[in-house]
Every structure is written in C-alpha cells, then in structure tokens.
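Ready for a few warm-up exercises? Have a look at the model below, then work through each task before reading its solution.

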Amino acid sequence: MPVIIGLVIMAAILALAYAAFNFFTVKKMDEGTDRMKEIAAAIRLGADTFIRYEYKIVAIIAVVIVVVLAIFISWQTAIAFAIGATMSASAGWVGMKIATYANVRVSNEARVSGKLGSTLKVAFRGGSVMGLCVGGFALLGIFLVYIIFGYALGQINDIASGAHPTNWIGLQVPFTMTLSGYALGCSIIAMFNRVGGGIYTKAADMGADLVGKTEAHIPEDDPRNPATIADNVGDNVGDVAGLGADLLESYVGAILSGAILACELFRSQGTLISGAMLPNMILFPILFAAVGLIGCVLGVASLLVKKNLSENPHRELNMATWISAGIALVLGLFITLAMFKGQSAEDLANASFSLGFLSPWVAAALGIIAGIVIGLIAEYYTSYDYKPTRRISEASVEGSALTITQGLALGMRSCMAPVVVLAIAIFASYAISGMYGVACAAIGMLSFVATTVSVDTYGPISDNAGGISEMSFLDKNVREITDKLDSVGNTTAAIGKGFAIGSAALATLSMMVSYLYSYTPADESILLNLIDPLTLAGALVGAALPYLFSGMLIDAVAKAARKMVEEVRRQFREIKGLLQGEVLPDYKTCIAISSQGALKEMRVPAIMSILFPVVCGFLMGAEFVGGVLVGATISAIMLAIFTGNAGGAWDNAKKYIETGAIEGHAKGSAAHDAAVVGDTVGDPLKDTVGPSLDILIKIMSNVSLVTVVVFDKFNIMAWLMSLIG
C-alpha cells in the first residue's frame, strides 16, 4: 500500500473532526424563549420520525440488493455496496440532526444580536457540519474499499497482473465491480432521500402557501397555518438530508468514475498503459479529492474565524468557496507532480496525456473553472439582482398566467449557456487527457464539494429560522434578517444544483465509457453505433425516461399537496378562533399527511430507476442499454437545468416583490399572490425533480456497469437472434 494513501484517511478524519467540533459548538448555543424551544422540538421530532421510517424502508431494499449482488456478482461488491449505503445514510442523518439544532439558534442569534453577520456565522457553522460530513464520510468509505479490497485482498494487483477473477457462474468480477458497488450504495440512499424528502417538503410547502398565503392572506410561517411545522420539517428532510446524500453521491461518482475508467483502460489497453502508470491513475482521483477536502476545511474555517462578518452574506459565502477552490487547485498540483512527474514520456503519451505529467491537473482545473462558470450562470438566471428574475416579478403584476409563462421561458433559455460550458469542458479535457481527463474534470468540479454543500445547507437552516421567528412572535427585524439569509440561500442552492448536474454529466460520461469497455473484448475498440436500430431505439426510450420519472415525482407531490390543502382548509373552517389567533392548529395531522404521502409515493420512482436498466438489459442486451444511457443522460441534463433555474427564479421573483421593490405591489397584493402561484409551481421542479435527475443518470450508469457482465451474456434478444441465426 502506498504511504501516500494515508493522506486520504487524514483528510477524512480532519473533516469529520471539524464537523464534530462545529456540531457541538452550535448545540451549546442558547435556543431562546420557551416558545422557540417548543417549536424547534416539534420540528426536530417530525424530522427525526420521518427519516427513521424512511431509513427502515431503504434498509429493507438495501438488504435485498446486497443479497442479489452477493449471489450473482460477488461478495466483495455486496460489502462495498453496504459500506457506501452506510456512509451516505450517516451523512444525511448527521446533517439533518444539526439542521434541527441550528435553526432555532439562528433565530435566537438574530433576536439577541440584531446583526446579519453574526447570524450568518451561526447558520453557516450549522451548514458546515453537513458539508464536512459529506466529504469526510465519502472519503472514509472510499479509503476502506481501497484498503480492504484493493490492497489487502489484492484486487488492484489482479488488474495490474492481468488476472481475471471470476464468480461461481464464470463472470469476471474485477476491482471495478467493487468500486461500482460502493458508488451504487451511495446512489441508492441519495435517490430515496432526495425523492422521499422532496415529496415531503414540497407537499407541505405547497399546502401552506396555496391556502395560507393566497386564500387566508396570512404571512408565511404564520402559527395559525396548520402546515407550517410540516413545511419546516420538510426543509430538513428534503433540503438538508436529501441534499447531503445527493452531493455525496455526486462526489463519490466523480471520484470513482476516474478510478474505474483507469482500470478499464488498462484491462483493454494493457499493452499501451504500463503497470507502473496504472496504480497512480487509480490513486490520483481520491488523492485530489483528499487535498480538495483539506482546502474545504480551510475555506470553511476562513469564514468562521472572522470576528466581524460584513452585512453582505453572498460575498462572505463566495469568498469561502473561492478560498476552498483555490487551495484545492494548488494542492492538487503537488499531487499531480507526485503521481505523474516520474513517469516516462512514452507512458504519458500512451495514456493520452497530451500536456505531459500536468495533463490530469489541467483537466481538473478545467472542471473547477467550468463548475464556477456554471454556478455564475445559475446565479444570473435565479437571483433577483439580475434582469431575468426581475422580469418574472414584473410579469406577476399582470397575473399568475404571465408569471408562469415568463418562468417557463427563463428556464428554457437558461439551458443553453451551461450546456455550452459543459461541452467545452468535455472536449477540452478529452483533448488534454483522453477520457480519463473527462473524469478528472468531474473530480475538479466537485473537489470543493464540502464548502458547496455547507453553503447550500445554510439556506434551509435560515429558512427554518425564519419560520421559527414568525411562529414565536419575534420582532419584525428578526424575520428581516432571516429572510435576507434565506433569499441568498435560494441563489446558492441553484448554484449548487448547477454543480451537481454538471459533475453528474461528466461522471456519467466516464461511467458510460467504462460500461462499454466492460463488455467489449480486449482486442476490439469500443464502439456505440447510435445509428444502429437497436441502439437508437434505446436512446429514444432513454430520452423519454427522465420525463416519465419527473412526471411521477410531480404527481406524487400533487397528490400529497391536495390532501394537505384539504386539511388546512378544514381546520380553518372547523376550528373556531383559529384564524383569529385564539387557538393553535393541529400540526400533527399535517405532518402525518406529508410523511405518509412521501413514504408511499417515493418507492415506485426510486425502484424504477434501479430496475429500468437491468430489465432493459435482460430483455434487449448491452447495446440497447448503452443507447438508453446516452438518451437518458442528454435528456436529464436539459430537464434538470430547466427545472432548477425556473423554480429558483420563481421563488426569488416572489421574494423580490416582498422586498417592496415594485412600487404599489408589496406583500399581500395581487401581484404577490400571482408570484406565490409561480413559486408553488416551481417548488416541486427545483426541489424534487431537478435534484433527482442527476441521481437518476448516475444510478442507472452504476447499475448498468455492475450488471452488464450478466445481461451481456444472458438476454432474451441474444437468445432470439441465436434461434433465427
């Protein structure tokens, strides 16, 4: 085992230790008044109860998958899957717990200090626990997989020596299968957390807004609204636990796509890539991620150690992000020198490193730059500091129809620019380092994911803090502080979604190439002929799949939201004195509606994403599934960008009106009602559909890569062709 791999466990321990420090620092802070404590406890109980039930369901499904993998693939793949699922679930759980502790403490800090800067620090400290746990748990799991299977059990040596270990049915099960198993475990948890949490939070949010704001004309998070507690619970299970599992899965997918591709390149082109080059190509992705995580610890600390933060939260958060990215880039250069400077020019050329030993670093730098540019594009389209979102606010003056129309136009227009950036990054990184360079670009894009997630998680914590402030009858200036933080959080969330889908596209492309290598004979070049009828049919089916998946999610949210609307209306109608503020509503019934709706509706779309490529493979074969992956990836990228940006813009257009920026159309006006409708339409798009699509394409790639060894040899299409032939 190379000594340098110790850097990975050091980075993971450093991140988790700092996360633990921030966790307990936040927990020691004062919660405020008795009323604030009571509301925070109700939110905490609702979130904890939901995620317990969700994890029970996921655990059952995970056990079934472990058994199937152990029987038909290998026990190594099954154990790696269990490790991945455990790491992802742990990150989501810890992140949700800190969010339910931090929310009330953010409210209290705003109440006591009255300062935006100090309140931002509390919210960001809470968010940093989620971010650091994402990076720490992901690398800890990868370290265990490398140590146990790669080195202790000799799977890396098997690849280097050209050995081809097989399972009991004669199928090859190399180290790439083990790595794919770990990534698949992370993907399973991410899918259920994102889908289940997304349905929960948006059902509650839509029910609260449609009745509370537009019908009863009471403020957001008003304690008279029965759906407010459920709405705040949803922020934690969807926008925190779901977000954390999602980005952890993206992070792992980006790292392992490079390692898997290196293994597959060697197995198919062993005469070109030397045995001395292979271990370094396998190690480089996790080492780059490790130094990136160290950069994130320093970037997060740079904000938290400041005595006085400015009144511009966006600038402070951006500075932490830039510091993290800059340190990752600099330290990554040293890793590149250590890994590749000693390699011969011939080995570098055979690996398609056109810029010599610096090639992987340049490709990773391109990924970082592409991620930042995509984030800036997302900010332009979703922040009310810019014209696109302001146009939606202005359209709201004319009614909800034009609000929705303008938002749809913005979402569609916003797809082109980030896709062009992605295309340039793919082409340039491929020209510099071949397909391995594309994987390196994905790693670079997510090398500072811990800071990105920290910034993202601070948003829902601030949103929750605003709800607690409103329900606790705190001074108006407290809500103004939390609303300002929440508004910035909406923009940072849109930026984070841009990073997630961009890295998903790059990682999926690398996985797709590995998929092709995995069933193509070593003496043949990989080829996926898109004009072949079978492959083209697969691409068409794959392109339709994200729309089917998205429609199922929106339907699920709508079903639960309708029940929520009926319940809120019933309570307003039947509970005497509720609207007058004389009695409190029945919060528990609304929490139960969201919980039951999410737990019931999440199963079919989540399970479908796992089974779809497997069923297609056993019916039609590997070429058809290759087409499905291409079609689904292209389609999902566009749809994810569209839904994320349109939803974010609708949300901030509403907030722009609430600031009083449009004269004569403040909170409670007809224009504000129209903007609330637009925000409600966008809610399931930006927080349920969009984030789930990048998981969809990665989970399909992972499942296909793990199972192709089986369905390439055993499928109905091949059997029928053998009968005809």
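## Exercise 1: the cysteines

Find out why Cys186 has no bonding partner.

Solution. The cysteine sulfur closest to that of Cys186 sits in Cys133, and at 14 Å it is too far off for a bond. A disulfide is a pair of cysteine sulfur atoms within 2.5 Å. The structure as a whole holds zero disulfides. Next, check the surroundings: Cys186 is buried, at 0% relative accessible area. Cys616 is buried too, with 10%. The cut-offs are under 20% relative accessible area for buried, over 50% for exposed and partly exposed in between, using a 1.4 Å probe and protein chains only.

Before you go on, note that this is a predicted model: local features need pLDDT of at least 70, side-chain atom pairs count only at pLDDT 80 or more, and totals for chains, interfaces and linings use all residues. Residues are numbered from 1 along each chain as its sequence is written, and side-chain values use heavy atoms, with hydrogens and water left out.

## Exercise 2: the whole chain

Work out whether the radius of gyration of the protein chain agrees or disagrees with that of a compact globule.

Solution. Start with the rule: 2.2 Å times the number of residues to the power 0.38, with the radius taken over C-alpha atoms. For 725 residues that gives a value near 27 Å, and the chain has 25 Å, so the two agree. Then look at the extent: the C-alpha trace spans about 80 × 60 × 45 Å along its principal axes. Buried residues account for 65% of the chain. Finally, the fold elements: 22 helices and zero strands. These are DSSP runs numbered from the N terminus (helices H or I, at least four residues; strands E, at least two).

## Exercise 3: two helix pairs

Decide how H20 and H21 run relative to each other.

Solution. Take the axes of H20 (residues 622-658) and H21 (residues 670-711): they come within 7 Å and cross at roughly 160 degrees. Angles over 145 degrees count as roughly antiparallel, so H20 and H21 are roughly antiparallel. By class, their contact has 21 nonpolar, 11 polar and five charged residues.

Now try H9 (residues 313-340) and H15 (residues 449-471), whose axes are 9 Å apart at an angle of about 160 degrees. That makes H9 roughly antiparallel to H15.

## Exercise 4: a glycine

Is Gly197 buried or exposed?

Solution. Locate Gly197 in helix H6 (residues 175-213). Its relative accessibility is 0%, so Gly197 counts as buried. Its C-alpha atom is 9.0 Å from that of Leu599, 402 residues away along the chain.

Technical notes. Axes fitted to C-alpha atoms, helices over the stretch in contact; angles between N-to-C directions. Parallel < 35°, antiparallel > 145°, perpendicular 65-115°, else oblique. Nonpolar A, V, L, I, M, F, W, Y, C, P; charged D, E, K, R; others polar.
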